[in-house]
Amino acid sequence: MIRLIEHLNEAIGWPSLLWLFPVLFMFHDFEEILTVEAWAVKHRDKVLPAMPPFARKALSASFNCDTRQFAQDVLYVFTVIVASTVLAVFFSFYLPFLAALSLFFIHSFTHAFQALYLKMYTPGVWSAVLIALPYSAYTFYRYLAANIVDWADIGQSLILLAIAGPPLLWLLLKGRAKAAGQ
């Protein structure tokens, strides 16, 4: 494993490592885009009752989300990821990138938890475990090992995520509810 990491460190330069984020995000979200609508239709009657009431209320519109609406939501997130990558690559301003990367990392665990909790495939779980989790963990490692950021920077990015995340999630869920006519 150490040899693989050393090889990756030599083979992948910083700009390439950072630009991989939007690319790998899209690979992850392609899995979701291609599967989410049919999966939600097929499993909504099993999944919604298994959710806690607050989650059921917040996410019920997501189970009526069609592929177009979901892809539109992905576009919004992709735009934020590209903007944060531009700031990191061209201006060495890493805070938004680290916040987005933190969300990508945490999001991997939510996919795995959903699949384990529901005891079934859930859209995005394979790419979350095989792409998002390894990439985000490796990128954090590279940042820390190169002393480009430290744990305080990652902490600040988590604070940014905690401040910006809930309103952005609320807007996303409101848009889905509006699209579903709820």
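Which residues make a nonpolar surface patch of about 470 Å²? In this predicted model, where local features need pLDDT of at least 70, side-chain atom pairs count only at pLDDT 80 or more, and totals for chains, interfaces and linings use all residues, the patch is made by Trp19, Phe90, Phe91 and Phe93. Residues are numbered from 1 along each chain as its sequence is written, and side-chain values use heavy atoms, with hydrogens and water left out. Patches are built from residues with over 30% relative accessible area and no salt bridge, like charges being joined within 9 Å and nonpolar side chains (Val, Leu, Ile, Met, Phe, Trp, Tyr) within 5 Å; a salt bridge is a side-chain nitrogen of Lys or Arg within 4 Å of a carboxyl oxygen of Asp or Glu. The accessible areas come from the Shrake-Rupley method with a 1.4 Å probe, and for residues only the protein chains shown count as cover.

One of the patch residues, Phe90, is found in helix α4 (residues 67-91), helices being DSSP runs (H or I) of at least four residues, numbered from the N terminus. Phe90 has a relative accessible area of 57% and is therefore exposed, given that exposed means over 50%, buried under 20% and partly exposed in between. Thr85 also lies in helix α4, but Thr85 is buried, with a relative accessible area of 0%. Leaving aside neighbours within four places in sequence, Thr85 is in contact (heavy atoms within 4.5 Å) with Leu18, Trp19, Phe21, Pro22 and Phe97. Trp19 thus appears both in the surface patch and among the contacts of Thr85.

Helix α2 (residues 14-50) holds Ala38, and Glu37 and Val23 are placed in α2 as well. Ala38 is exposed, at 55% relative accessibility, whereas Glu37, at 32%, counts as partly exposed, and Val23, at 40%, likewise counts as partly exposed. Glu37 touches Cys65, Asp66 and Thr67, when residues up to four places away in sequence are not counted. Thr67 recurs in relation to Ala38: the C-alpha atoms of Ala38 and Thr67 are separated by 8.9 Å, although these residues are 29 residues apart along the chain. Val23 and Val82 are 59 residues apart in sequence and, C-alpha to C-alpha, 9.5 Å apart in space. For Glu37 and Arg3, by contrast, a sequence separation of 34 residues goes with a C-alpha to C-alpha distance of 41 Å.

Two packed helices are described by the angle between their axes and the distance between the axes. Helix α1 (residues 2-11) and helix α6 (residues 125-145) pack at an angle of about 70°, and their axes are 12 Å apart. This angle makes α1 roughly perpendicular to α6, a term that covers 65 to 115 degrees, while angles under 35 degrees count as roughly parallel, those over 145 as roughly antiparallel and the rest as oblique. The axes are lines fitted to C-alpha atoms, for helices over the stretch in contact, and the angles run from 0 to 180 degrees between N-to-C directions. At this packing, Ile5, Leu8 and Asn9 in α1 meet Tyr138, Tyr141 and Arg142 in α6.

Ala112, found in helix α5, touches Val125 and Val129, not counting residues up to four places away in sequence. Ala112 and Val129 are 17 residues apart in sequence, and their C-alpha to C-alpha distance is 7.1 Å. Ala112 counts as partly exposed, at 21% relative accessibility.

Most residues other than glycine have a negative phi, and most peptide bonds are trans. Ser92, in the loop between α4 and α5 (95-118), has a phi near 50°, a positive value in a residue other than glycine, and counts as partly exposed at 48% relative accessibility. Lys119, in the loop between α5 and α6, has a phi near 55°, again a positive value in a residue other than glycine, and counts as exposed at 74% relative accessibility.

Terms used
Helices (H or I, at least four residues) and strands (E, at least two) are DSSP runs, numbered from the N terminus. Buried means under 20% relative accessible area, exposed over 50%, partly exposed in between (1.4 Å probe, protein chains only).
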